[in-house]
Structures are given as structure tokens and as C-alpha cells.
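Please open the model in your viewer and keep the sequence panel visible. The stops below say what to select and what is found there.

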Amino acid sequence: QVQLVESGGGLVQAGGSLRLSCAASGRTFSSLHMGWFRQAPGKEREFVAAISGNGVNTYYADSVKGRFTISRDNGKNTVYLQLNNLKPEDTAVYYCGGRRTLSPKYDYWGQGTQVTVSS
């Protein structure tokens, strides 16, 4: 079993930056495909970014491409999401998820961290 704990959220003005972290328990972290998702009030959870187990491949939603960067440190069992040039529409609860190889869905989820961007 893998437990995920997000941190780093907060209140920031538009144009500002934040760095989210997701720390994972367990010894299988490097085999997990990791992703970040977000859910704004009244909206469904949406994909933000993902990264392969070895960190070579990254994927982004069009809405964050060029502003957000996903990375991971397998030695620290942690995945990061750098959020730059934040906009009010980025306000949401951000969740990290872990997916085992060949799994069709994310198997593990964190509890979420709130990001609020003021205009």
C-alpha cells in the first residue's frame, strides 16, 4: 500500500508561484507513474500533469503548459509541481495520484492541498 501526502498549497496573488510536494510512503515509488489533478468548487476533478516512473516523460494539460512543471526525486519518494504565473482560475484543491504500471486508473490518492489565487 502507498500513502501520499501533499503539501505546499496556500494563498498567492495572480502572477505568483507555488511549489507543491507529494511525499509517498513505501518502496515502490520509482515504479509508479505519478500525476497531479485539481478540483475547483462545483467542478469535476481534472488532469493537470503527470510524470513517468523514471522521470523521463512528462505530460501536461493545455491550460497549464508552459506555466507548471512536474518533477520527481525517487531518492526522496517525492513528486513536485512547480506552479508559475498563477491565475485565479488555477484556484482548486490539488491532488497527487499514483498509478501502478499497466493499471488503467490511478490506484493511490493524497488528501489534497488548497491553492487559492487572488486577482
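## Start at an exposed loop residue

Select Glu89: with a relative accessible area of 57%, Glu89 is exposed. Throughout the tour, buried means under 20% relative accessible area, exposed means over 50%, and partly exposed lies in between, using a 1.4 Å probe and protein chains only. Glu89 sits in the loop between β8 and β9. Now add Thr116, 27 residues apart from Glu89 along the chain; the two C-alpha atoms are separated by 9.0 Å.

This is a predicted model, in which local features need pLDDT of at least 70 and side-chain atom pairs count only at pLDDT 80 or more, while totals for chains, interfaces and linings use all residues. Residues are numbered from 1 along each chain as its sequence is written, and side-chain values use heavy atoms, with hydrogens and water left out.

## Zoom out to the whole chain

Colour by secondary structure: the protein chain has 11 strands and 0 helices. These elements are DSSP runs numbered from the N terminus, helices being H or I of at least four residues and strands E of at least two. The C-alpha trace spans about 40 × 25 × 25 Å along its principal axes. The radius of gyration of the protein chain is 13 Å, which agrees with the value near 14 Å for a compact globule of 119 residues. That radius is taken over C-alpha atoms, and the globule rule is 2.2 Å times the number of residues to the power 0.38.

Of the 119 residues, 46% are buried. Switch on the surface: the accessible area is about 6300 Å², and carbon and sulfur atoms hold 48% of that area. Accessible areas come from the Shrake-Rupley method with a 1.4 Å probe; for residues, only the protein chains shown count as cover.

## Go inside: the core

Which residues have the most contacts inside the largest nonpolar core? Select Trp36, Leu81 and Tyr94, which hold that place in a core of 29 residues. A nonpolar core is a set of buried Ala, Val, Leu, Ile, Met, Phe, Trp, Tyr and Cys residues joined through side-chain atoms within 4.5 Å. Strands that each supply at least two residues of this core include β3 (18-24), β4 (33-39), β8 (78-83) and β9 (92-99). The largest share, 4 residues, comes from β3. In soluble globular proteins, nonpolar side chains tend to be buried together.

Stay on Tyr94 and show its surroundings. Beyond its neighbours within four places in sequence, Tyr94 is in contact (heavy atoms within 4.5 Å) with residues including Leu20, Trp36, Arg38, Leu81 and Val115.

## Move to an edge of the sequence: β1

Select residues 4-7, strand β1: Leu4 and Glu6 form the covered face, Val5 and Ser7 the uncovered one. In a regular strand the side chains alternate between the two faces of the sheet. Add β3, which runs antiparallel to β1 and is joined to β1 by 4 bridges; strands pair if DSSP finds at least two bridges between them. The bridge partner of Glu6 in β3 is Cys22.

## Pick out the charged pairs

The whole structure holds 6 salt bridges, each defined as a side-chain nitrogen of Lys or Arg within 4 Å of a carboxyl oxygen of Asp or Glu.

- Arg38 and Glu46: their closest N and O atoms are 2.6 Å apart. Arg38 is buried at 6% relative accessible area, whereas Glu46 is partly exposed at 35%. Add Arg67 and Asp90 to see the salt-bridge network that links them with Arg38 and Glu46.
- Lys65 and Asp62: the N to O distance is 3.1 Å. Lys65 is partly exposed at 49%, and Asp62 is exposed at 67%.
- Asp107 and Arg100: the closest N and O atoms lie 3.2 Å apart. Asp107 is buried at 19%, while Arg100 is partly exposed at 45%.

## Finish with two backbone angles

Most residues other than glycine have a negative phi, and most peptide bonds are trans. Select Asn85, a residue other than glycine whose phi is positive, near 50°. Asn85 is in the loop between β8 and β9 and is partly exposed at 42%.

Last, select Leu102: its phi is also positive, about 75°. Leu102 belongs to the loop between β9 and β10 (108-109) and is exposed, with 80% relative accessibility.
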